[in-house]
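Biologist: I'd like to get better at reading features off a model. Can you walk me through this one, giving the general idea and then the case at hand?

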Amino acid sequence: MRTNKVLETWRNGGQTIGGWISADSSYTTEIMGHIGFDWLVVDQQHGASDSSQMIGLLQAISLSDTVPFVRVRWNDPAMIMRALDAGAYGIIVPLVNNKEEAERAVWACRYPPVGGRSSGPFRAAMYGGANYGAEANDNIAVVVMIETAEALDNLDEILSVDGVDAAYIGPSDLAYAIDITPTGDNHDPKHVETVHKIFDACKRHGVVAGAHTGSLEFTKKWLEHGFQMVMLGADTGFMRARASEELAAARASIS
């Protein structure tokens, strides 16, 4: 089976940088894949693509060495198994609040006897290659999102669940959880302190710490802090930022 290079890097103590697929275009996704990110996430929770488009986006990523992840809409085993069967090598589960919900996510990502994933990897077996069924449990990354007040109260319980590979911080929802204004990248000392708390808990439990960012400033900040999974930006964000910058520069040349 094709090795999950991201999981391999994490298990060796290394750091990875990823990107986000918010658009519903296989063409722009293919471009993102060839940039050189370690992983790309097809966002089914807040992105523009629907379930029928997910396969095409995963196929576009597969034309490169980048590892394909999917953020599912909800902690629903049917959604998780569908994304895995389509070829996702990592699943990001939003709004995980407690130990039981973390266990449910892991259960959906693992074949028996350790989980309840149904056998039917219609595309995953083509992408993953020979012996997929026997080796998938060791190559699929399970990432739970820590972003609610309940999750903060149950942090140690969530991170103690066997099979949770990484905990990924959603900064805007985390801001809601601690009663401050969501801004994406957040300089508020209360927010920074909470992120540090999650990072420290991940270290205690041997779980990879992940951070969602929207700027090079925060990507570098959390990489330097020791996060092993950091998102640099989204396809739509990169397009908007570069176009806005060059349009402003062009307009400045108008006499």
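**Reading the model, feature by feature**

Modeller: Sure, let's start with arginine 110, which counts as buried at 8% relative accessibility. Keep in mind throughout that this is a predicted model.

Biologist: Which residue does arginine 110 form a salt bridge with?

Modeller: General idea to begin with: side chains of opposite charge can pair when their charged atoms come close. Here the partner of arginine 110 is aspartate 165, and the closest N and O atoms are 3.5 Å apart. Arginine 110 sits in the loop between helix H5 (99-109) and helix H6 (124-128), while aspartate 165 is in the loop between helix H9 (155-159) and strand S6 (166-169), so the pair ties together parts 55 residues apart in sequence. Aspartate 165 counts as buried too, at 15% relative accessibility.

Biologist: How many salt bridges does the count come to?

Modeller: Five. Another one of them joins the side chains of arginine 204 and aspartate 156, at 2.8 Å from N to O. That pair also links distant parts of the chain, with arginine 204 in helix H11 (residues 189-205) and aspartate 156 in helix H9, 48 residues apart. As for accessibility, arginine 204 is exposed at 54%, and aspartate 156 is partly exposed at 38%.

Biologist: And where do arginine 242 and glutamate 246 lie?

Modeller: Both are in helix H13 (residues 235-251), and because they are four residues apart there, about one helical turn separates them. Their salt bridge has its closest N and O atoms 2.6 Å apart. Arginine 242 is exposed, with a relative accessible area of 52%, and glutamate 246 is partly exposed at 44%.

Biologist: Let's move on to strands. Which way do the side chains of S6 point, and are they buried or exposed?

Modeller: In a regular strand the side chains alternate between the two faces of the sheet. In S6, Ala166 and Tyr168 point one way, Ala167 and Ile169 point the other way, and all of them are buried.

Biologist: Which strands does S6 pair with?

Modeller: One is strand S5 (residues 141-146), which runs parallel to S6 and is joined to it by four bridges. Isoleucine 146, for instance, has isoleucine 169 in S6 as its bridge partner. Another is strand S7 (residues 208-212), again parallel and over four bridges. There, alanine 166 finds its bridge partner in valine 208 of S7.

Biologist: How should I read the nonpolar core?

Modeller: In soluble globular proteins, nonpolar side chains tend to be buried together. In this model the largest nonpolar core has 81 residues, and Trp10, Phe69, Ile91 and Met229 have the most contacts inside it.

Biologist: Leaving aside neighbours within four places in sequence, what is tryptophan 10 in contact with?

Modeller: Setting those neighbours aside, the contacts of tryptophan 10 include Phe69 and Met229, along with Ala141, Val143, Ala166 and Val208. Thr16 and Gln228 are also among them.

Biologist: Last one: how many disulfides does a search of the whole structure find?

Modeller: A disulfide is a covalent bond between the sulfur atoms of two cysteines. The search finds zero. Cysteine 109 is in none, and its nearest cysteine sulfur, belonging to cysteine 202, is 17 Å away. The cut-off is 2.5 Å between sulfur atoms, so a pair at 17 Å doesn't qualify. Cysteine 109 is buried at 1% relative accessibility, and cysteine 202 is buried at 0%.

Note on methods: Residues numbered from 1 in each chain as written. Predicted model: local features only at pLDDT ≥ 70, side-chain atom pairs only at ≥ 80, totals over all residues. Heavy atoms only, no water. Salt bridge = Lys/Arg side-chain N within 4 Å of Asp/Glu carboxyl O. Helix = DSSP H or I, 4+ residues; strand = E, 2+ residues; numbered from the N terminus. Buried < 20%, exposed > 50% of the residue type's maximum accessible area, 1.4 Å probe, protein only. Pairing = 2+ DSSP bridges. Core = buried A, V, L, I, M, F, W, Y, C linked by side-chain atoms within 4.5 Å. Contact = heavy atoms within 4.5 Å.
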